[in-house]
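Open the model in a viewer and keep the sequence panel beside it. The stops below say what to select and what is to be found there.

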Amino acid sequence: MNIRIFFIVIIAAVAVGGMSLYKKFSSSPIDKRTICIFSSNTPGTKDDIRFIRQALQLYDIKRDQSIENPKLNCECENAFIKIFLEQKKFNECIKKDDSSLKIGIRLHDHPEEENPKIISLFEEDNAEALLDLAKTIVKKTVICLLVYDESSEHSKRLAMQYQELAKIKEVDLRLCVLSANRNIPTLLKEVSQNINAVIFVPGEIVFSDSELILEFFKIKKIPVFANHAGLIRAGALGGYDFDTQEISQSIAEISSCFLRDTKNIKSDAFDELYPQLHLNMDTIGHLGIQLDSEDLLDEAVTVGGADL
């Protein structure tokens, strides 16, 4: 009987202790240590996420504390770091009145209200620099095909800007408008005659068909230019974008400070980042292009070229 009472007392003590711990942790503001990162689902996204995770590990933020979120589901309660691949879902998290830190990469528009817990890196306008790069690489009168996405207002605005700049820079610019109901191979055959350069304007349809389009122009040995690091890694010759590894380093620094102290937010962590020239050396080798200016290579972030 005494042994029975002893076990009952032990069980009761464990239960009371467990309830105390549950109340302690269940009432703690878990969302304060949550970091939401947006990295758009575009060519090169896997590399972007890999660089981010590597940088987080260098700051002792373990890999099992981060989660890639391909289903775009906000209900990942145990994740310290949530990675969103669609800006719409990321924007929904921005609107939530919680204490989580939100980091957006390559956003198009500034949020309506300033919030110290929203740290963003916005796309920069480098259309003029890209046209200059095309003229430097082609080395003759540029007859350029501009490929853009009809369904994207952002892409259409950029396309209009390129057309105005092309007049100033005396570039013969022709348009290739992608839409969901067009047969891409047939369209490319129709518009690719007598051109010596291609410019990609980022957009959903351009991204989804980028592998097919890049392969088409690779076979024709026509250089493709794009201000997007993922497209350049995928095969475009070059363009201007932020260095993904530098972005990842900044994200890891912001995250480390925030996880140590939720009031410690490095809101200026992206201030020193700026778009850099990116060159795909494998593509340059395949096209047989000789870069006359060593300055181009000195200032560029290069990918590929192991056998050059």
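The tour starts with the whole chain and then moves through a strand, its partners, the cores and a few single residues.

**The whole chain**

Show the full chain as a cartoon, and keep in mind that this is a predicted model. The protein chain has twelve helices and twelve strands. It is 308 residues long, and 47% of them count as buried. Take the contacts between residues at least 6 apart in sequence: 66% of these join residues at least 24 apart. Switch on the surface if you like; the accessible surface of the chain comes to about 17,300 Å², and 50% of that belongs to carbon and sulfur atoms.

**Strand β6 and its partners**

Select residues 143-149, which form strand β6. Is this strand enclosed or open? Six of its seven residues are buried, so β6 is largely enclosed by the rest of the structure.

Add residues 172-178, strand β7. β6 and β7 pair in the parallel sense over seven bridges. To see one place where they face each other, pick D149, which stands opposite L178 in β7. Now add residues 153-169, helix α5. Together, β6, α5 and β7 make a right-handed β-α-β unit.

Next, select residues 197-200, strand β8. β8 also pairs with β6 in the parallel sense, here over four bridges. For an example, show L145 in β6 together with V198, its bridge partner in β8.

**The cysteines**

Select C144 and C93. C144 is buried, with a relative accessible area of 0%. C93 has 5% relative accessibility, so this residue counts as buried as well, the limit being under 20%. How many disulfides does a search of the whole structure find? The search finds zero.

**The nonpolar cores**

Show the side chains of L133, L146, Y162, I199, F225 and L237. These residues have the most contacts inside the largest nonpolar core, which has 32 residues. The elements that give two or more residues to this core are α4 (127-138), β6, α5, β8, β11 (276-280) and α11 (281-287). Which of them gives the most? Helix α4 does, with seven residues.

Zoom in on I199. Leaving aside neighbours within four places in sequence, I199 is in contact with L130, L131, C144, L145, L146, V147, Y162 and F225. C144, from the cysteine stop, is thus on the list of contacts of I199.

Then move to L101, I119, F258 and L259. These four are among the residues of a second, separate core of 25 residues.

**Two stops around helix α11**

Select T283, which is found in helix α11. T283 has 13% relative accessibility and counts as buried. Not counting residues up to four places away in sequence, T283 touches G235, A236 and L237. L237 has already appeared, as one of the residues with the most contacts inside the largest core.

Finish at D292, in the loop between α11 and α12 (294-299). Is D292 buried or exposed? D292 is exposed, with a relative accessible area of 64%. Show T136 as well: D292 and T136 are 156 residues apart in sequence, and their C-alpha atoms are 9.1 Å apart in space.

Notes: Residues numbered from 1 in each chain as written. Predicted model: local features only at pLDDT ≥ 70, side-chain atom pairs only at ≥ 80, totals over all residues. Heavy atoms only, no water. Buried < 20%, exposed > 50% of the residue type's maximum accessible area, 1.4 Å probe, protein only. Contact = heavy atoms within 4.5 Å. Areas by Shrake-Rupley, 256 points an atom, 1.4 Å probe, with all protein chains shown as cover. Pairing = 2+ DSSP bridges. Right-handed = clockwise from strand over helix to strand, strands pointing away. Disulfide = S-S within 2.5 Å. Core = buried A, V, L, I, M, F, W, Y, C linked by side-chain atoms within 4.5 Å.
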